[in-house]
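Visitor: I should like to understand how the descriptive terms applied to this model are justified. Could you take me through them?

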Number of protein chains: 2
Amino acid sequence: MGEFDLIRRYFQRPAVAGVEVGVGDDCAVLVPTPGARWLVSSDMLVEGRHFLSTVDPVRLGHKALAVNLSDLAACGATPRGFTLALALPRVDEAWLAGFSRGLLALADAHACPLIGGDTTQGPLNLCITVFGEAPPGRALLRGGAQVGDEIWVSGRLGDARLALEVFRGTVAVDGAGFEEVRAAMELPTPRVALGQALRGIATAAIDVSDGLLGDLGHILAASNVGARIDVDALPRSAVLAAQPPALQRECLMAGGDDYELVFTTPAGAQLPDMGVALTRIGVIEAEPGLRVVDALGAAVEHGLCSFDHFKS
Amino acid sequence: MGEFDLIRRYFQRPAVAGVEVGVGDDCAVLVPTPGARWLVSSDMLVEGRHFLSTVDPVRLGHKALAVNLSDLAACGATPRGFTLALALPRVDEAWLAGFSRGLLALADAHACPLIGGDTTQGPLNLCITVFGEAPPGRALLRGGAQVGDEIWVSGRLGDARLALEVFRGTVAVDGAGFEEVRAAMELPTPRVALGQALRGIATAAIDVSDGLLGDLGHILAASNVGARIDVDALPRSAVLAAQPPALQRECLMAGGDDYELVFTTPAGAQLPDMGVALTRIGVIEAEPGLRVVDALGAAVEHGLCSFDHFKS
């Protein structure tokens, strides 16, 4: 099967509203919503770095788009479409069928059509660029946190990292518990509707991809503020809560791959009920730096830093 | 040097008009031109497949963006920005300095700012997604060629392929000649201004990335027409013209990597003078298929097909 057959069979979709030209010309042509701003994000996933070679291709297709939709969510954007560039060592139809099924199911769920891309031969590499829209001045950015704001996080943290430690062989977790944390790692849920609902409410937002402390640190740096968070308040699954305290803290604070939203709001702000748990984990302070305390208010050491692709 | 320092040092640029948020948040935020359509294209370049490991990084940076700008040119779009996702085996500052210099020089020349992206560790892979704009209904597409239209090509064809054959050791070309065809391969010129000038004139267009016959074939298929072209009319450099006729024809018709525009116009249309040679190479016909003839009108065999990343 050649490159063009591959694209037709697995990635060409019927036309949808707002997409004048999709897969199959030199460019895709989209109709922007009048007055909206245009938001763009790009993520590259490399085998062995962002996913294990043994991962179910259906789940990999889901995750490749999910991590990109999560960036739109962090900015409160409404998804409009995405491109996929794919380097494959060889044409493996079973893999492609699974990958495209997982990818396009999530795309359909978010009305975010595949509009173009590229395929080539090479070491397995997935690069997705997503496009979304937000009204002028309403995109959620990192730089708006104010002293006194509350810090919130959606969902639960740390399960993806716990699953990775099981794969690495450093931790043992039993069958049902492992399947639960493995799903957190392989099938993350981008908080797209929550992000849009936070427009005009959140003062700053980011998604947790590299680890809570590092990602919150980006908000603090961009907003020129500090923060205090309560490690015991961090939301966690029963599976993670059954692990030794030191491991729990590492997974919660430095785990990454969570794709939950961390955001700040003015104290007492009314938060939207989007069917996902929201947990208040701390407060923005004037003093620079990030102070981690436990439920008793005692300082917690955190030499932990977030994931850096060229340091680890 | 970590991931974030790398981005700051080599890829972060001052803000420009129309870009509300550039590199450094979860998404870039762009201000679309009211009423314009939004055009998107994505290309992935893999070491050993799209470029030689020995290529000057300055030239590689140029080419990585040039091949993407060429897709915008083929659609007649005005560039608005691009994202870069980069997998690197290791942080090599000399390489990064050269690569970013070549990349950003071409970006500046086309007022097409780098607005975001991703960096990670992995086998060398460059994925660029470009964004452009065109007025509604004015994007150049593949499907508009009409019977009787003239077929035109910009610039010259075949030099990039000739240079590749020299690198492969199948052909010998002397110093100055080699530098000339090597520049065609490593420093292609995207025909961005020409593409925009052809809005409302060309009935169909594509850029020559995989080879003239294959790329023209996409126009014929999308337009549901056939064509006749004169191989002796194909524009070529003096260096290529000094090669054996069979090699010339292969480079001209199936070479690829040319990044010239092939487009169709109504017979006798007034073409814009954009400082690049335009050559009439054939005519659109009702009979399906592509007929290649020589200057005397004799049929030329062309078992040659265009480049396919999974067949070669």
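**Terms and their grounds**

Guide: Let us begin at the contact of the chains in this predicted model: A:Val40 has B:Ala28, in S2(B), as its bridge partner.

Visitor: What makes S3(A) and strand S2 of chain B a pair?

Guide: Two strands pair if DSSP finds at least two bridges between them. S3(A) and S2 (residues 28–30) of chain B are joined by 3 bridges in the antiparallel sense, so they meet that criterion.

Visitor: How many residues does each chain bring to the contact, and which element of chain A gives the most?

Guide: Chain A and chain B bring 56 residues each. Strand S3 (residues 37–46) of chain A gives the most on its side, with 9 residues. By class, the side of chain A that touches chain B holds 30 nonpolar, 13 polar and 13 charged residues.

Visitor: Why are the two copies said to be related as by a two-fold rotation axis?

Guide: A turn of 180 degrees, with a shift of 0.0 Å along the axis, lays chain A on chain B with an RMSD of 0.0 Å. The copies are therefore related as by a two-fold rotation axis. The same surface serves both copies, as 100% of the contact residues of chain A recur in chain B.

Visitor: Within chain A, how do you know that S4 and S5 are paired, and in which sense do they run?

Guide: The criterion is again at least two bridges. Strand S4 (residues 78–88) of chain A is joined to S5(A) by 7 bridges, and the two run parallel; they therefore count as a pair. One of the residues involved is A:Leu86, whose bridge partner in S5(A) is A:Thr119. From S4(A) the chain crosses through helix H3 (residues 93–109) of chain A to S5(A), in a right-handed β-α-β crossover.

Visitor: What makes S5 of chain A mostly covered?

Guide: In strand S5 (residues 114–121) of chain A, 7 of the 8 residues are buried. A residue is buried if 20 or more other C-beta atoms lie within 10 Å of its own.

Visitor: Why is B:Ala277 counted as exposed?

Guide: The cut-off for exposed is 12 or fewer C-beta neighbours within 10 Å. B:Ala277 has 11 inside 10 Å and therefore counts as exposed. B:Ala277 is placed in the loop between strand S10 (261–265) and strand S11 (278–285) of chain B. Leaving aside neighbours within four places in sequence, B:Ala277 is in contact with B:Ser154, B:Gly155 and B:Pro235.

Visitor: Which residues of H9 in chain B are buried, and what covers them?

Guide: In helix H9 (residues 245–254) of chain B, the buried residues are B:Gln248, B:Arg249, B:Cys251, B:Leu252, B:Met253 and B:Ala254. Their cover includes helix H4 (159–168), helix H7 (212–223) and helix H8 (238–241) of chain B. After H9(B) comes B:Gly256, with a positive phi near 80 degrees.

Visitor: Finally, how is chain A divided into domains, and what does the contact between them comprise?

Guide: Chain A is divided into domain 1 (3–134) and domain 2 (150–293), with C-alpha centres 25 Å apart. The contact takes 19 residues from domain 1 of chain A and 18 residues from domain 2 of chain A. On the domain 1 side, helix H2 (57–74) and S4 of chain A give two or more residues each, and H2(A) gives the most, with 11 residues. That side divides into 11 nonpolar, 5 polar and 3 charged residues.

Definitions and conventions. Residues numbered from 1 in each chain as written. Chains lettered and ligands numbered in written order. Predicted model: local features only at pLDDT ≥ 70, side-chain atom pairs only at ≥ 80, totals over all residues. Least-squares fit on C-alpha atoms with pLDDT ≥ 70 in both. Contact = placed C-beta atoms within 7 Å. Helix = DSSP H or I, 4+ residues; strand = E, 2+ residues; numbered from the N terminus. Right-handed = clockwise from strand over helix to strand, strands pointing away. Domains from an automatic or database assignment. Nonpolar A, V, L, I, M, F, W, Y, C, P; charged D, E, K, R; others polar.
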